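This report covers the fold and the charged side chains of one protein. Please have the sequence at hand while reading.

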Amino acid sequence: ARTAFDFDYVPASGGLTPVQMLKYGEIDILPLVVKGVNNPAWMYVTDTLMSITYQHIKLPGVLAKSDAKIGVLFSDSPTYQYVKNQVFGEELTTYTSVVSLIGDLESGKLGSAYLRHDILEYLAKQRGDDRYVVLKGDDKHIEIAMAVRGDNTELKAILAGIIASVDASDI
């Protein structure tokens, strides 16, 4: 543990979102927020804790259908879909199964897709599947941070100190 703090989970109540609960003082911290997505001016967002990279890939030699879409491997929960729409746009097709996404790439139903870098690396190294071409310069990055109310100067300072001492490999 990096601090002597005890953190208590506070369940959502009264139909408020976690951001609203933070705003109204029902909670003190949001441990995971996406930088640049639903970060109102009153909210202090820490430096990046970790970054998730999605790479844009194609399968060479596969003729994409005329109505081929772009896919992305992402959760289909409403919260994650909100993030997906902000980062990738609403027009991308969400897949929750890498097997289904790859199958649709192979069939031409998808012209291309976004996969997390670690999953793409796994496919290449562990499964020997190196057929994919990464479209350079088209990566998408999701930066994860913590958030508190901007007027909570004490907690801001504490979090800044904690974040400064965290190495990405610790997470």
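The text below goes from the overall fold to individual salt bridges.

The model is predicted. Its secondary structure consists of five helices and eight strands, arranged along the sequence as α-β-β-β-β-α-β-α-β-α-β-β-α. The C-alpha atoms fit a box of roughly 55 × 35 × 25 Å along the principal axes. The protein has 171 residues, and 32% of them count as buried. Among contacts with a separation of 6 or more, 66% join residues 24 or more positions apart. The accessible surface is about 10500 Å², with 51% belonging to carbon and sulfur atoms.

The protein carries 16 positive and 22 negative side chains, and the centres of these two sets lie 7 Å apart. Side chains of opposite charge can pair when their charged atoms come close. Four salt bridges are found in the whole structure; the table lists three pairs, among them D104 with K109.

| Acidic residue | Basic residue | N to O distance |
|---|---|---|
| D104 | K109 | 3.9 Å |
| E106 | R131 | 2.8 Å |
| D118 | R116 | 2.8 Å |

D104 is buried, at 16% relative accessible area, because the cut-off for buried is under 20%. Its partner K109 is partly exposed at 47%.

In the pair of E106 and R131, the two residues are 25 residues apart and link distant parts of the chain. E106 sits in helix α3 (residues 98–107), whereas R131 lies in the loop between α4 (117–125) and β7 (133–134). E106 is partly exposed at 40% relative accessibility, and R131 is partly exposed at 37%.

In the remaining listed pair, D118 is partly exposed with a relative accessible area of 42%, and R116 is partly exposed at 30%.

Conventions: Residues are numbered from 1 along each chain as its sequence is written. This is a predicted model: local features need pLDDT of at least 70, side-chain atom pairs count only at pLDDT 80 or more; totals for chains, interfaces and linings use all residues. Side-chain values use heavy atoms; hydrogens and water are left out. Helices (H or I, at least four residues) and strands (E, at least two) are DSSP runs, numbered from the N terminus. Buried means under 20% relative accessible area, exposed over 50%, partly exposed in between (1.4 Å probe, protein chains only). Contact means heavy atoms within 4.5 Å. Accessible areas come from the Shrake-Rupley method with a 1.4 Å probe; for residues, only the protein chains shown count as cover. Lys and Arg count as positive and Asp and Glu as negative; His and the chain ends are not counted. The place of a charge is taken as NZ of Lys, CZ of Arg, CG of Asp or CD of Glu. A salt bridge is a side-chain nitrogen of Lys or Arg within 4 Å of a carboxyl oxygen of Asp or Glu.
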